[in-house]
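This briefing covers a single predicted model. The points below are grouped by topic and are meant to be read beside the structure.

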Amino acid sequence: MNQFSAANIRNVALVGHQESGKTMLSESLLFTAGAIPRLGRVEDKNTTMDYHPEELVRGISIHSGVAHCERGDTKINLIDTPGYEDFVGDALLGLDVVESAIVTLRGDVGVEVGTDRVFGFVQEHGLPAMFVVNRMDKEHTNFDSCLEQLHEHFGGGVHALQMPIGAGENFRGVVDLVEMKAYEFEKDGNGVKPIDIPGDVKERADALRKDLMEAAAESDEALMEKYLETEALTEDEFITGLTAGIRAAELFPVMCASSVHNMGAGPILDAMVRFLPSAATGIGHTVDDREIMCEASGNPVAYVFKNISDPHVGDMLVVRVFHGSLTPGTDVYNTSRNASERTGQLFVVKGKNREEVPRLEAGDIGALVKLKVTKVRDTIADKASGTVIKPTQLPRPSINSAIAPVAKGDDEKMGTGLHRIMDEDPTFEVTVSGETHQTLISGQGELHLEIIVHQLKERYGVAVTLDKPRIPYKETIRKPAEAQGRHKKQTGGRGQFGDVWVRIEPLPRGEQFEFVDGVVGGVVPNKFIPAVEKGIVATMEMGVIAGYPMVDVKATLYDGSYHTVDSSEQAFKIAGSLAFKAAVEKAGPVLLEPIVNLRVKVPDNYMGDVMGDLSGRRGKIQGTETQGKFAIINALVPMSELYKYSTHLRSMTQGRGSHTREISHYEEVPRENAEKIIAEHRAQVEAEHK
């Protein structure tokens with residue numbers, strides 16, 4: 001396989017709204033460049049980028065796909081990212097390792113929710129980008145409408161680089177607005193032939209070219225002065241200004257295609273080579289924000305952005321080499337985890353296929369196998385340098401569910417599978433709640449969790465059920481109280497005797513528990529006092545009124561009695577428990593519920609509906625702020641009111657709303673709600689004892 005210098009490598013991420021044709025565009029680009037022998041189709045389940053069983057069944061991209069092709073003397077590494085919000089992590093990780101992006105949109109729809117979202121990610125990464133209006137063969141396609149929408153959403157830097165000839169079933173070619181030449185696609189879509197610019201598009205083409213030239217001139221002060229004087233640039237000046245504007249992420253060209261018919265891929269490949277920045281311009285940020293120049297010499301620096309589980313070679317970690325080069329059998333260092341590693345075989349990948357290579361040069365993308373501790377988002381670098389590529393901030397999970405194996409005895413197998421999946425997907429989390437004793441899985445949406453369940457069954461042979469997570473309520477008291485706990489049992493031989501008086505009082509929220517030894521005169525021997533505390537603590541952990549842990553209580557042991565023969569640690573432990581329970585009944589016991597600090601981001605026009613919905617969930621609005629076209633709503637909402645809230649929010653805002661959450665504090669549960677929870681607990685206890 002040919003080796004390419006960083007200056008001759010283009011790393012490009014394909015991003016866009018779901019079903020905007022990213023996978024088919026990548027397929028068309030690969031086929032046109034000669035990297036694959038035939039053009040696959042999503043409907044036929046034979047594309048290069050979508051090959052996981054879940055993707056084939058559902059007909060959508062769930063994981064990012066990686067492949068490469070060559071155009072002339074340039075290598076192009078493509079990362080096809082999922083469009084569904086549930087799999088946004090792969091899109092963000094892909095953007096970490098490229099110098100530019102192609103944003104796809106549907107010609108018959110225009111700018112959608114996902115278009116807005118992913119272009120925001122592109123801008124946050126500071127990347128140059130091109131738009132491709134895809135599916136130009138579809139009915140009701142309107143390139144001018146798409147162009148207008150792009151202007152409205154993303155500003156005046158958006159300009160057509162091409163315009164289509166025909167639309168829908170009559171889409172047959174493009175006008176190149178730089179060269180001002182027209183091309184018609186061959187019947188098989190794998191080539192173009194020059195034609196005269198049709199008369200019915202000439203006037204529009206002239207206007208779009210003038211806009212594009214003016215934008216190119218704005219990239220350079222000298223060019224702008226010349227353009228203002230002459231209203232023209234030479235072809236070289238035009239291309240120089242255009243390239244500078246695109247690479248500075250100030251000018252965003254728009255092209256068009258019908259990927260399913262392989263129309264438009266050739267000009268797009270040429271534009272990628274001509275205008276998009278090379279890998280040599282790429283930088284990574286270390287912990288101290290030093291820039292890493294993409295150079296072939298020196299020690300290697302590489303960043304892991306994807307894990308491909310391969311049945312033959314195990315985990316293949318896909319990396320971008322930012323500096324130096326990687327070779328097989330070399331000692332390297334994981335600076336993210338402070339651990340030594342040794343490289344095994346190196347590959348370049350093309351979807352599910354791989355090809356072994358002798359080295360990975362700076363600027364390139366490839367895969368490593370047989371690393372022991374390295375995970376996604378880790379840096380491989382020189383130990384002495386301590387270089388760590390700063391990973392992108394991934395969204396926290398917005399939905400969780402309790403999970404349990406269907407078959408008894410599958411807990412360990414389920415746990416192994418879940419943690420393997422978590423290694424591959426940093427936006428997925430697994431926790432075991434010490435309060436509710438449930439295993440919880442958390443992800444970006446219902447579809448995300450549904451895919452996890454499917455993977456557990458298909459890859460690890462574990463069938464599981466999902467259930468609503470139990471809310472980690474707590475119990476506490478409102479006022480002081482005291483009570484006696486007396487345990488006396490005579491069964492022949494040595495008996496059991498313990499007698500204590502315990503006073504309890506509420507502590508400030510968050511102080512948990514305090515035990516005070518207030519015994520005077522030895523009425524309870526010192527050796528039995530720890531047992532009394534153990535009995536109280538055990539009862540607090542089990543709860544008194546609804547089976548939830550009790551918190552924020554001070555307990556004072558102040559009196560009691562004992563028997564020289566029958567008293568024991570166990571007897572005083574039971575007595576302490578009885579006294580505590582009796583005192584709690586007098587102390588105004590209440591339930592506490594976790595309150596979540598919720599931060600909701602929605603378009604301005606949905607703010608009223610969302611705030612009303614939060615109020616209906618017993619939420620308290622803490623304030624609002626604006627972020628561009630979006631409103632940020634900060635609210636405190638009971639956790640019990642937020643089950644599947646992410647799904648509801650997306651539905652209410654046509655997919656444009658998102659939220660983050662974290663537990664803020666605990667508050668008393670309203671009486672009606674508390675009575676219901678307590679009644680359910682008592683019914684459950686009675687059922688268990690029948």
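## Helix α1 and its surroundings

In this predicted model, helix α1 (residues 22-32) is largely enclosed by the rest of the structure, because 11 of its 11 residues are buried. A search of the whole structure finds 37 salt bridges, and the largest nonpolar core has 108 residues.

- The buried residues of α1 include the charged residues Lys22 and Glu27, along with Leu25, Leu29, Leu30 and Phe31.
- Thr23, Met24, Ser26, Ser28 and Thr32 of α1 are buried as well.
- Packing against the buried residues of α1 are the strands β1 (9-16), β2 (65-71), β3 (74-80), β4 (100-106) and β5 (129-134).
- Helix α9 (265-275) also packs against the buried residues of α1.
- Gly34, just after α1, has a positive phi of about 80°.

## Nonpolar cores

- Within the largest nonpolar core of 108 residues, Phe131, Leu242 and Met272 have the most contacts.
- Helix α6 (residues 199-217) gives this core its largest share, 8 residues.
- A second, separate core has 51 residues, among them Tyr473, Ile477, Ile504 and Ala635.
- Leaving aside residues up to four places away in sequence, Met272 touches Arg10, Val12, Leu29, Ile76, Leu78 and Ile102.
- One of these contacts of Met272, Leu29, is among the buried residues of α1.

## Phe131

- Phe131 is in strand β5, one of the strands against which the buried residues of α1 pack.
- Phe131 counts as buried because its relative accessibility is 0%.
- With residues up to four places away in sequence left out, Phe131 touches Val103, Leu105, Phe119, Leu150, Phe154 and Val158.
- The contacts of Phe131 also include Phe252, Pro253, Val254 and Met255.
- A separation of 88 Å lies between the C-alpha atoms of Phe131 and Val565, which are 434 residues apart along the chain.

## Thr392

- Thr392 is in the loop between β19 (379-381) and β20 (399-405).
- Thr392 counts as buried, with a relative accessibility of 11%.
- Not counting residues up to four places away in sequence, Thr392 touches Leu92, Leu93, Asp96, His125, Tyr303 and Arg377.

## Salt bridges

- Side chains of opposite charge can pair when their charged atoms come close.
- Lys226 and Glu237 form a salt bridge, at 2.7 Å from N to O.
- Lys226 lies in helix α7 (residues 221-230) and Glu237 in helix α8 (residues 235-247), so this pair ties together parts that are 11 residues apart in sequence.
- Both ends of that pair count as partly exposed, with relative accessibility of 28% for Lys226 and 22% for Glu237.
- Glu424 and Arg459 form a salt bridge in which the closest N and O atoms are 2.7 Å apart.
- That pair links distant parts of the chain, with Glu424 in helix α10 (residues 411-424) and Arg459 in helix α11 (residues 446-460), 35 residues apart.
- Glu424 counts as buried at 15% relative accessibility, whereas Arg459 counts as partly exposed at 32%.
- Glu85, Asp86, Arg117 and Arg650 are joined into one network by salt bridges that share partners.
- In the salt bridge between Lys193 and Glu184, the closest N and O atoms are 3.6 Å apart.
- Lys193 counts as partly exposed at 38% relative accessibility, and Glu184 counts as buried at 18%.

## Second largest pocket

- The second largest pocket holds about 840 Å³ of space.
- Its lining has 28 residues, and those nearest the centre of the pocket are Arg470, Ile471, Tyr473, Tyr548 and Ile677.
- Tyr473, one of the residues nearest the pocket centre, also belongs to the second core of 51 residues.
- Helix α16 (residues 671-688) supplies the largest share of the lining, 8 residues.
- By class, 9 lining residues are nonpolar, 8 are polar and 11 are charged.

Technical notes
Residues are numbered from 1 along each chain as its sequence is written. This is a predicted model: local features need pLDDT of at least 70, side-chain atom pairs count only at pLDDT 80 or more; totals for chains, interfaces and linings use all residues. Side-chain values use heavy atoms; hydrogens and water are left out. A nonpolar core is a set of buried Ala, Val, Leu, Ile, Met, Phe, Trp, Tyr and Cys residues joined through side-chain atoms within 4.5 Å. Buried means under 20% relative accessible area, exposed over 50%, partly exposed in between (1.4 Å probe, protein chains only). Helices (H or I, at least four residues) and strands (E, at least two) are DSSP runs, numbered from the N terminus. Contact means heavy atoms within 4.5 Å. On a 1 Å grid over the protein atoms alone, a cavity is a set of points where a 1.4 Å probe fits but cannot get out, and a pocket is an open set with protein on both sides within 12 Å along at least five of seven lines; lining residues have an atom within 4 Å of a point. Grid points are joined across faces, edges and corners, and a volume is the space filled by probe spheres set on the points. A salt bridge is a side-chain nitrogen of Lys or Arg within 4 Å of a carboxyl oxygen of Asp or Glu.
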